[in-house]
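Work through the exercises below with the structure open. Try each task before reading its solution.

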Amino acid sequence: MDKEDIISIVSDDSGGEEHDTRAVLEPAIRSVVDALGGYENSSYRLGDECYGCLKDLKKIWRKDDTDDERTVARIFWETRVLPNDLVPILLETAGKGALEDKRAIACADLMTAMTWPIDLAEELRELDEEFDKGTDYTQLLISHLHYKAALLKPGVMGALFGLTLPCLAKTAKERQERDVQIINLILYLIRNLAFIKDLPANLHSSTDHAEFSTLQSRLIKVLSETHTLDLLLTIASNAATDPMFNGWNVLILEIFYLLFRGVAPSSLAPDQTKQPAQNLQRLLAVEDQRRRDFTRKATSRHSRFGTTISVKLNHKKAPAEGEGDASTAAAEDGSRSLVLHRQQAIKSEVGGLLDMSAAKRQAALKGKKLDELGREDNLSLDARQILQNLARTFIEACFNPLLSSLLRDIKAERPKVTEKDNLRLLYVAKWFLEFFLCVRAKEGQTTTLDFGLIAEVTERAWIVWVLRRMREAVEDKPKLWTELQAGIECLTQLVLAIDGMGASDAPDVVDAAEVLQQQIIYNGELLDIALESLRTYREGTQSLAYLDASVHLAYALLRMLERWGRKRGGEMYVRRKAKKKARRKNKDGEDGVPDVEEEEPRQDEEIIHETMFSFEMFEMKFAHADITQTLLMYLSRYKEFSSPEKMKRVVNLIHRQAVRAKAEGLFFQVSTLELFKRILADQKSLPQDRSSKDLVALITYILRQFFKAVTEDSFLIIEAFFPKTRGAWKQYSSWEPEPKTERSVVDSRLPPDVQVKKGYSWSEQLGIAVGCLVEDSKKVLVEWTKQILTLAIGERQRIIEDTDGSSSRLSDDEDGDKASDSDDDAIKPSRGPSNDAIAKFTDYLIPYVSDEEANAATKDPHLKLVFRLLNFAILDDAADEFEWYIPAAILPAEMQRNLNVINQFLEHPLDLSGKKASEMLTKKRRSRRRRRAPSADGSSDEEAVEKKRKKKKETKQYKSAQFIDDSDVEYGDMETFLAKEKALRERMALAAATSGQIATMKPTGTKKRRRKTKEDGAGTRKRKRGKKSEQEPEEQKSDGEQDQGSSSDSDPSDSNIFGSPKRSPSTAQTSPREGEPEVSKPAPQPRPRPRPRPTKAPQRRSSDVILSDTEPSVVSAETKDVAPRPLSVSSAPGGDSDLDDLTPAVPAVRKKGRLQLVVSDDEE
């Protein structure tokens, strides 16, 4: 080996220069390329180690992953390895039928890597400012154009497509992972070729430049001839069902995005065979217009003699007198003369010729962004026809499946989905929607495209996703204006599609359109986007295509809303975003009571605030200074409008502001007047269509209004130099605020509900509400409320008497012992209605005798507050007239207490320290609660909500409490009372042991039973001692079920209120205690017996708890089948320690502040 061939590697710690990477890699790459093969007699012959060399080239290519200079890619381009070696190898293998040849697959792998798209923005961002100063990517971009031209040679794409056929022909079980990778490789190669952008067409360039400007058209033709487009359509149509095809849905989306982004849908929808003639006619019209403009401004034949005009500035002002140079004095006082040598000065204004800022404005216009989203490809007629058929087939077979699969993967956050795929999806959906609408408009009634083909974009999930992406684009830093533009264009086509659905002949399509319109208006986010996109536009920040998309969205949305308003002819409530308000603090720095109290939303509910919406209100919101500035900026480019439709949109929007909203004051600015002046000067050069005539008429109207306002207020001339902020334009416009009197007549909404401020008890809140009615001289409504309570109490009391008996209190038995102890006579506890009586209660619907009562119950906020405090309810909140009712769960005792509280406040009004009762109220927000869906087992959430309400229920403090002395003085000495009670219990236990009866119950009952007639099927029956009737087991069963239901329905009182350990019914005591004789014969059914009170106490409040402190009855085992009866007696509130000796007890249902004790004597 020669010494020159030896590569010496020396480690220099002192820091020598790095080795030249190119000098090391280039010889190795060239030797490997030479070993691939070569031409022999005009035919390519593969080398012996061709496959190994291809693998070595792929290994060397990976070195560019860490090289910013892309050295390997540059060497590959210089060796021309792709057109001279890879393409011939592919044609010699796969092109001749060897579809599974490894060398062909290796060539396809290298081709895909070498044509991979170059992200210039990302590459330049990663360059080092010091070491990568001379990096140039122009050579790499040119190499991609040559690669694309080489791969479009005859037979190459057919050979590449042939590599996928054996993989697709295999069944799912036979197909391996390598087969899926091969298909994936070919799809990426197609993506790479579609990504390479053609050079712009230029008639004065070379033939190579002309060839590189038509590569995209050739690619589309080749893909169609090789049936590759059919493969793409097959994958897209099965993306939602086939797992393998679903893995390529993102790649298929990108390919369609690259194929269609270079052509406008409106130009692809018409018949393409007529397009060349139409383009020629359009170009001739443009040329004729330019010729006429030039002729109008051309100089005359006398221009060769020249023109000299002297112009004197401020000629009315006399020059200043004084010594010195006259020219200097004239320059100082502004009266010097200027000489113009332009013939335009004869007819044109001198001020415009002297204005030096015109050149600056023209220079600024050249730097504006045109479009960052789409591009314009110079496609041939054949390519456009292929794309037209491809687009139509895609809509008919692939649109809904592909979009549904992509949306599902995006929501699942699959790794294959990138941020750019969201942008591509928005653009593709917008493109095909626009193409769909253009084809339907062209074909008319004979179209075969149904709205069901685009049903996916009308689904709620799609609209929500689009709005969320736009929201994230705005909130991102920096803002993603390109993605926001794609979302605006997508929403524009969606609005146009919904508008077209509303004009359809199919009733179901019309109904679907109305539902979509209702949802869009109620949601309100799309309406906000339409306003914000125009309001936030800044020239130079967003592109002109973004401005055009924003104007189009506003125009389409306002047209749809106007038709919706004319069709409905009224107003509706829409959702409003709840803004978080900071809690206000008082002077001391502490949190004060807010003017409007908001209810805390429950965890299982969503609070939705609503506000009134009408088209007129939205149109007034559209009259904004920033929106006007954006529209004028769009109008200033009137010479660049490519179609009259753009002029029509901006004229329509300005007309809505100046005429419909009466906000012509927004246009009273110097810059706006100067724009109008230019448009009127170019009036003859405008297109002769309706939109241009409407523009001239609108400008004339605004100018007339301006000079009319100047005559009224000459100070407006000074104001025209300053921007109109907020509502400053209103004083110079014909807009007038709506009179309050008329507004109250027109506004048919219900007045807002009120509520009492926090910090007051229930009884005080009721007193304040009653006081408000009395202050408003509406005491008759208070009397009506008392009458309602009285009638409801009477109705339910009659049900109780018919069910439980003529008296609701226990009385002494007529056959009993009248000479009993005083203690027994004193115990006469009040008893609530039975469960049977409560079950018969129904909701009491409040009747309206007159229209005044109906209007008050619907519109009077103070009366409605009283009804809500009394626990009244409304049948239907959405009804025009509210129907109130008293729920069946409210017992007569509670209604009687409410009635007593109202009477007390009428006699003794609540002391509010000199303030009025109305000052204690605040407005209550109108909100609608959206509850969760019922659970899977069919149970409603109302039970859970009711339990939560009971836990958080506020203890009511009645006003009557101040008239009752709540103390232990009435009971005397507590020790003496407890001793007396203990002796009484011992006597009762002894009497029970000797007589076999419960000591607290009389031998015979005092309540008369209702005899069932024979018509009821039961007849009369008599129970004898020691015998059971035929129906007795059923009664025991029902009694047991009733006790069980009472136990299960009990409130928080299910816990042991006595502190003693619980005992289940199965372990109930059935044997006598120690020291007590055993009862041999069965005891008769005992009845409760009153027990005397120690002292006469005042009337007890309902909140006092009545406990049973009586010793349990002793029943032998032989009497365990006898149905037990509940025992309930009153006790002193103080309680004593002997209550812990009671036998196991099952607490019953606590009814409105009353606690009953059920003593179980049976074994079960």
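Three exercises follow, on a predicted model.

**Exercise 1. The hairpin**

Find how strands β1 and β2 are joined, and which way the side chains of β2 point.

Solution.
- Locate the strands. β1 covers residues 37-40, and β2 covers residues 43-46.
- Look at the pairing. The two strands run antiparallel, joined by four bridges. One pair is Y39 with its bridge partner Y44.
- Check the turn. Two residues lie between the strands of this hairpin. N41 has a positive phi there, near 55 degrees.
- Now follow the side chains of β2. They alternate. Y44 and L46 point to one face and are buried, meaning under 20% relative accessible area. S43 and R45 point to the other face and are not buried.

**Exercise 2. The three-stranded sheet**

Work out the strand order of the open sheet, and why β9 and β10 each have a side without a neighbour.

Solution.
- Read the order: β9-β11-β10, with antiparallel pairing.
- Turn to the edges. β9 (844-845) and β10 (873-874) stand there, each with a single partner strand, so one side of each lacks a neighbour in the sheet.
- Inspect one pairing. Two bridges join β9 to β11, residues 884-886. L845 stands opposite Y885 of β11.

**Exercise 3. A covered helix**

Decide how many residues of helix α29 are buried, and name some of what covers them.

Solution.
- Find α29 at residues 625-635.
- Count the buried residues: eight of its 11, so the helix is mostly covered.
- Name them: I627, T628, T630, L631, L632, M633, Y634 and L635.
- Look around them. The cover includes α26 (525-535), α27 (544-568), α28 (615-622), α30 (644-660), α31 (670-681) and α32 (690-712).

Notes: Residues are numbered from 1 along each chain as its sequence is written. This is a predicted model: local features need pLDDT of at least 70, side-chain atom pairs count only at pLDDT 80 or more; totals for chains, interfaces and linings use all residues. Side-chain values use heavy atoms; hydrogens and water are left out. Buried means under 20% relative accessible area, exposed over 50%, partly exposed in between (1.4 Å probe, protein chains only). Two strands pair if DSSP finds at least two bridges between them. Contact means heavy atoms within 4.5 Å.
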